[in-house]
There are 2 protein chains.
Amino acid sequence: MADFAFDEDSRVVAAGAEGAFTAALTGRWNGTAGAVNGGYMLAIGTRALALAMPFPDPVVVSGFFLRPGTPGPAAVSTSVIRSGRTTAFGEAALTQDGKDVIRATAAFARLGGGPGPGTSTGTGTGSGTGQDGPVFLDGTPPALPPPAECVGIPVGSFGLASIAERIEFRSAELPGWFLGRPSGRPASEFWMRFADGREADLLSLPLLVDSTAPSVLELGAGSTTIQLTVHLRAHPAPGWLACRATTRFVSNGYHEEDFEVWDSAGTLVAQSRQLALILPVAS
Amino acid sequence: MADFAFDEDSRVVAAGAEGAFTAALTGRWNGTAGAVNGGYMLAIGTRALALAMPFPDPVVVSGFFLRPGTPGPAAVSTSVIRSGRTTAFGEAALTQDGKDVIRATAAFARLGGGPGPGTSTGTGTGSGTGQDGPVFLDGTPPALPPPAECVGIPVGSFGLASIAERIEFRSAELPGWFLGRPSGRPASEFWMRFADGREADLLSLPLLVDSTAPSVLELGAGSTTIQLTVHLRAHPAPGWLACRATTRFVSNGYHEEDFEVWDSAGTLVAQSRQLALILPVAS
């Protein structure tokens with residue numbers, strides 16, 4: 001059975017020294033600027049860490065993006081920093097030609113099966129006490145039309161953005177930046193899933209939260225990520241993921257971008273935030 | 001001239017090897033549980049990094065909290081991972097008795113003087129083009145009564161929480177958790193400043209964003225931080241800082257806490273988010 005693209009392209013192979021792995025970055029996850037997607041590289045680092053850590057589930061991953069990655073061989077060195085009773089911490093460095101491309105730090109634990117009874121209220125603000133303590137939910141999934149009634153940017157619209165062939169996005173309307181009319185509102189809601197049918201899991205979420213065009217395109221600006229923190233909050237149920245991306249503050253040449261991922265059961269499965277540098281967009 | 005408490009207690013001294021420093025954790029920044037405050041330790045790591053980096057300003061700092069810190073000697077080892085044209089990246093480890101207490105990674109740059117014309121609108125959503133590119137601001141400082149009309153928890157209410165003597169907090173009303181009536185709403189707005197008159201700067205913000213009681217106290221729960229990411233967005237103007245702390249999602253035994261810091265000129269100077277474990281509160 002052939003692997004799904006994500007599993008094939010994020011594979012890491014033990015390389016002799018303890019905690020050392022090799023990987024091969026492919027050109028199949030390039031963004032609109034033709035660069036290897038940062039979240040894809042962070043997912044590779046997380047996958048290598050998962051092999052080294054005493055707990056199965058990443059609960060928070062922080063990645064710093066030092067250099068652009070290029071398709072080709074990479075080395076990933078990992079180390080377990082601290083292994084506690086419920087939480088373990090590790091670091092990973094992904095290098096190419098001996099140069100650091102990303103540095104990642106992560107905490108791993110055993111994540112419970114569900115968010116508790118709070119989600120079953122479906123009321124937006126839920127609260128209660130689950131098997132793992134109190135539950136409080138001040139937020140709901142985006143209210144999107146069903147995926148079949150949504151539209152997606154035609155694959156192939158961007159010659160360089162191969163990631164658009166790997167991940168499907170659907171929204172109620174095509175984004176303003178794509179139509180040549182940036183909306184001035186750097187926020188969006190949309191469905192997302194792997195195009196080849198692979199279901200999302202905790203290890204692929206660091207890629208998925210970084211896989212869309214930056215919200216600041218709606219301000220006529222481009223962006224390059226400096227740092228990305230991903231909180232993994234629950235194991236995603238199979239199916240489409242409902243997402244919300246928002247930038248609230250652009251100033252001094254920087255912006256943040258927040259990202260929420262909700263699974264098909266209406267559970268928040270990931271929350272991420274990145275700090276990025278504003279770039280001019282070629283017109 | 002005597003140093004301010006923060007400068008004295010976060011001092012790092014070069015220790016021979018390149019990038020190596022010693023520090024002394026004091027008991028003057030303990031939280032309600034009597035533990036050394038995590039943000040205080042992250043500020044020490046950031047201050048050590050600032051001595052090693054080719055740019056003056058931290059723009060994003062990520063800290064992982066591996067073990068509780070204890071008052072006493074600590075070692076801080078730093079390394080510059082990558083020095084680019086506009087951004088440099090570094091790592092710091094704070095250890096006590098040879099054991100890792102925190103790991104920090106940060107990006108440094110030269111942060112512009114102000115957020116551009118967007119803030120002068122005072123309308124909440126501002127936009128324009130500053131010297132460093134586009135400006136977009138979808139948010140405003142908390143609408144608080146002047147500090148003189150606000151109230152603060154009496155210093156000394158918590159025998160163990162020495163941090164309450166170092167940092168002043170004022171809010172329109174005393175928090176529900178303090179009055180023994182948790183409000184059920186894990187969000188708050190308040191003023192904050194160093195009690196001894198030290199003005200906030202970029203190096204003290206990693207402490208300040210972690211210096212308040214956790215929002216989940218309003219749910220009757222306690223909390224211990226696993227990871228904290230701080231975005232430093234502008235140099236703070238002197239005076240009181242207006243802050244907003246919010247937890248939106250408590251599930252599976254974890255919660256996030258978001259924190260905004262606005263300076264006296266109405267500029268967003270820091271945005272932080274942490275992932276924390278829910279703890280029972282001793283009743």
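In strand S15(A), Ala270(A) is the bridge partner of Val261(A). That pairing belongs to a predicted model, and it is a handy way into strand S14(A), where Val261(A) is one of the buried residues. S14(A) and S15, the latter spanning residues 268-280 of chain A, pair in the antiparallel sense over 9 bridges. The hairpin they make has 5 residues between the strands, and Gly266(A) takes a positive phi there, near 85 degrees.

S14(A) has other strand partners too. Strand S12 (residues 241-246) of chain A runs antiparallel to S14(A) and is joined to it by 5 bridges, with Ala245(A) standing opposite Phe259(A). Strand S13 (residues 249-251) of chain A also pairs with S14(A) in the antiparallel sense, over 2 bridges; here His255(A) is the bridge partner of Val250(A). As for accessibility, 9 of the 9 residues of S14(A) (residues 254-262) are buried, so the strand is largely enclosed by the rest of the structure. Both of its faces are covered: Tyr254(A), Glu256(A), Asp258(A), Glu260(A) and Trp262(A) are buried on one side, and His255(A), Glu257(A), Phe259(A) and Val261(A) are buried on the other.

The turn leading into this strand has a quirk of its own. Most residues other than glycine have a negative phi. Asn252(A), which is not a glycine, nevertheless has a positive phi of about 55 degrees. It lies in the loop between S13 and S14 of chain A, in a hairpin with 2 residues between the strands, and it is buried, with a relative accessible area of 6%. Asp97(B) is another case of a positive phi outside glycine, with a value near 50 degrees. This residue sits in the loop between strand S5 (88-96) and strand S6 (99-109) of chain B, but at 82% relative accessibility Asp97(B) counts as exposed.

Now for how the two chains go together. A turn of 180 degrees, with a shift of 0.0 Å along the axis, lays chain A on chain B with an RMSD of 0.0 Å. That is the relation of a two-fold axis. The same surface serves both copies, as 100% of the contact residues of chain A recur in chain B. The contact takes 62 residues from chain A and 62 residues from chain B. Between them the chains bury about 5400 Å², with carbon and sulfur atoms giving 57% of that area. On the chain A side, Phe136(A), Arg233(A) and Asn252(A) supply 15% of the area buried against chain B, more than any other three residues. Asn252(A), the residue with the positive phi, thus turns up again here.

Charged pairs also cross the interface, where 8 salt bridges are found. Arg233(B) forms one with Glu256(A), their closest N and O atoms being 3.7 Å apart. This pair runs from the loop between strand S11 (222-232) and strand S12 (241-246) of chain B, which holds Arg233(B), to strand S14 of chain A, which holds Glu256(A). Neither partner shows much surface: Arg233(B) is buried at a relative accessible area of 1%, and Glu256(A) is buried at 0%. With the chains swapped, Arg233(A) and Glu256(B) meet in a salt bridge at 3.8 Å, N to O.

Over all chains the salt bridge count comes to 30. One of them joins Asp9(A) and Arg28(A) at 2.8 Å, N to O. Asp9(A) lies in helix H1 (residues 5-9) and Arg28(A) in the loop between strand S2 (20-25) and helix H2 (38-52) of chain A, so the pair ties together parts that are 19 residues apart in sequence. Asp9(A) is buried at 4% relative accessibility, whereas Arg28(A) is partly exposed at 27%. In chain B, Arg198(B) and Asp201(B) form a salt bridge with closest N and O atoms 3.0 Å apart. Salt bridges that share partners also join Glu189(A), Arg244(A), Glu260(A) and Arg248(B) into one network.

Aromatic rings add 18 pairs over all chains. Trp262(A) and Phe249(B) have ring centres 5.6 Å apart and planes at 75 degrees, so the pair is edge-to-face. Trp262(A) lies in strand S14 of chain A and Phe249(B) in strand S13 of chain B, so this pair joins two chains. Both Trp262(A) and Phe249(B) are buried. Trp177(B) and Phe178(B) form another edge-to-face pair, 6.3 Å centre to centre with 85 degrees between the planes. Elsewhere, ring pairs link Phe6(A), Trp29(A), Tyr40(A) and Phe194(A) into a cluster.

Methods: Residues numbered from 1 in each chain as written. Chains lettered and ligands numbered in written order. Predicted model: local features only at pLDDT ≥ 70, side-chain atom pairs only at ≥ 80, totals over all residues. Heavy atoms only, no water. Least-squares fit on C-alpha atoms with pLDDT ≥ 70 in both. Contact = heavy atoms within 4.5 Å. Buried < 20%, exposed > 50% of the residue type's maximum accessible area, 1.4 Å probe, protein only. Helix = DSSP H or I, 4+ residues; strand = E, 2+ residues; numbered from the N terminus. Pairing = 2+ DSSP bridges. Phe/Tyr/Trp six-rings, centres within 6.5 Å; stacked < 30°, edge-to-face > 60°. Buried area = accessible area lost by both parts, 1.4 Å probe. Salt bridge = Lys/Arg side-chain N within 4 Å of Asp/Glu carboxyl O.
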